[in-house]
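Visitor: I would like to learn how to read a structure like this one. Could you take me through it step by step?

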Amino acid sequence: MWDRPPRTAETWQENWASVLPLPGVKAWGAFEDEVMVGIIVYRPYLTEDMAQLDALFVDKDHRQRGIASHLTRLLERQAIADGHTYLYVSATESQSAVGFYTSQGFVPTQDAHPELYALEPNDIHMIKILVN
Ligand SMILES: CC(C)(COP(=O)(O)OP(=O)(O)OC[C@H]1O[C@@H](n2cnc3c(N)ncnc32)[C@H](O)[C@@H]1OP(=O)(O)O)[C@@H](O)C(=O)NCCC(=O)NCCS
């Protein structure tokens, strides 16, 4: 069963401190009025032809309305514009995360990225082939 403690400002900071300063890293937010209800983080050049969907979160009260799908489309367009063929995600082993990524065309890979696998060995590592 998936049982990870809730993230705090400090743990987000720890997780992202090494990623956010990398060249080309971008984030998109979904807003209701002026409140952020969803966020996605993009990291290009995980490898030469593969970008990474680094983080995705939609507020509990705003789920299953297509917000994550919309944010993922924006990220994929950027990955294609950057010349990538593949998109990588290290997915939390939860029904919502794996269900969502499967619905978007990601499939589990046997060929996990070594550094990301070392960071999240219990995640489901998935790859999507990007189509223009
Ligand atoms: C995973 C998550 C981002 C999905 O966000 P969302 O805005 O609700 O997703 P969407 O509305 O765009 O869903 C698109 C499709 O994903 C699938 N999906 C979404 N939630 C699902 C769930 N709980 N179980 C199974 N499939 C799910 C469905 O196929 C859905 O299509 P449908 O609405 O036509 O059935 C959201 O549940 C979340 O933030 N979860 C907690 C954080 C997390 O797990 N992030 C990913 C970690 S790597």
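**Around the ligand**

Guide: Gladly! Sorted by class, the shell around the ligand holds 9 nonpolar, 9 polar and 2 charged residues. Keep in mind that this is a predicted model.

Visitor: How many residues surround the ligand, and which are the closest?

Guide: The ligand is surrounded by 20 residues, and Leu56, Val58, Gln64, Gly66 and Ser69 are the closest.

Visitor: Which polar atoms come close to oxygen atoms of the ligand, and at what distance?

Guide: For polar contacts, look for pairs of N or O atoms within 3.5 Å. Here, a backbone N or O atom of glutamine 64 is 2.6 Å from a ligand oxygen. A polar backbone atom of valine 58 lies 2.8 Å from an oxygen atom of the ligand. From the side chain of serine 103, an N or O atom is 3.1 Å from a ligand oxygen. As for cover, the ligand taken alone exposes 920 Å², and the protein buries 73% of that.

Visitor: Which elements give two or more residues to the shell around the ligand?

Guide: They are strand S3 (50-58), helix H2 (67-81), strand S4 (86-91) and helix H3 (95-103). The largest share comes from H3, with 7 residues.

**The nonpolar cores**

Visitor: How should I read the packing of nonpolar side chains?

Guide: Start from the general idea: in soluble globular proteins, nonpolar side chains tend to be buried together. In this model the largest nonpolar core has 21 residues, and Leu53, Leu87, Tyr101 and Phe106 touch the most other members. At least two residues of this core come from each of strand S2 (35-47), S3, H2, S4 and H3. H2 gives the most, 5 residues.

Visitor: What is leucine 53 in contact with, beyond its neighbours within four places in sequence?

Guide: Leucine 53 is in contact with Ile40, Val41, Thr72, Leu75, Leu87, Tyr88, Val89, Tyr101 and Phe106. There is also a second, separate core of 6 residues, with Trp16, Val19, Val41 and Ala55 among them.

Visitor: Is tryptophan 16 buried or exposed?

Guide: Tryptophan 16 counts as buried because its relative accessibility is 15%, and buried means under 20%. Tryptophan 16 sits in helix H1 (residues 9-17). Not counting residues up to four places away in sequence, tryptophan 16 touches Pro21, Ile39, Val41, Asp54 and Ala55. Valine 41 is 25 residues from tryptophan 16 along the chain, yet their C-alpha atoms are separated by 9.7 Å.

**Two glutamines and a tyrosine**

Visitor: Is glutamine 78 buried or exposed?

Guide: Glutamine 78, which lies in helix H2, has a relative accessibility of 19% and therefore counts as buried. Outside its neighbours within four places in sequence, glutamine 78 is in contact with Lys26, Trp28 and Tyr42.

Visitor: And why does glutamine 64 count as exposed?

Guide: Its relative accessibility is 83%, and exposed means over 50%. That figure takes only the protein chains as cover. Glutamine 64 belongs to the loop between S3 and H2.

Visitor: How do I read the backbone angle phi?

Guide: Check the sign, because most residues other than glycine have a negative phi. Glutamine 64 is not a glycine, but its phi is positive, about 60°. Tyrosine 45, too, has a positive phi, near 55°. Tyrosine 45 is found in strand S2.

Conventions:
Residues numbered from 1 in each chain as written. Predicted model: local features only at pLDDT ≥ 70, side-chain atom pairs only at ≥ 80, totals over all residues. Heavy atoms only, no water. Near = heavy atom within 4 Å. Polar contact = N/O pair within 3.5 Å; in protein donor to acceptor, adjacent residues only side chain to side chain. Areas by Shrake-Rupley, 256 points an atom, 1.4 Å probe, with all protein chains shown as cover. Helix = DSSP H or I, 4+ residues; strand = E, 2+ residues; numbered from the N terminus. Nonpolar A, V, L, I, M, F, W, Y, C, P; charged D, E, K, R; others polar. Core = buried A, V, L, I, M, F, W, Y, C linked by side-chain atoms within 4.5 Å. Buried < 20%, exposed > 50% of the residue type's maximum accessible area, 1.4 Å probe, protein only. Contact = heavy atoms within 4.5 Å.
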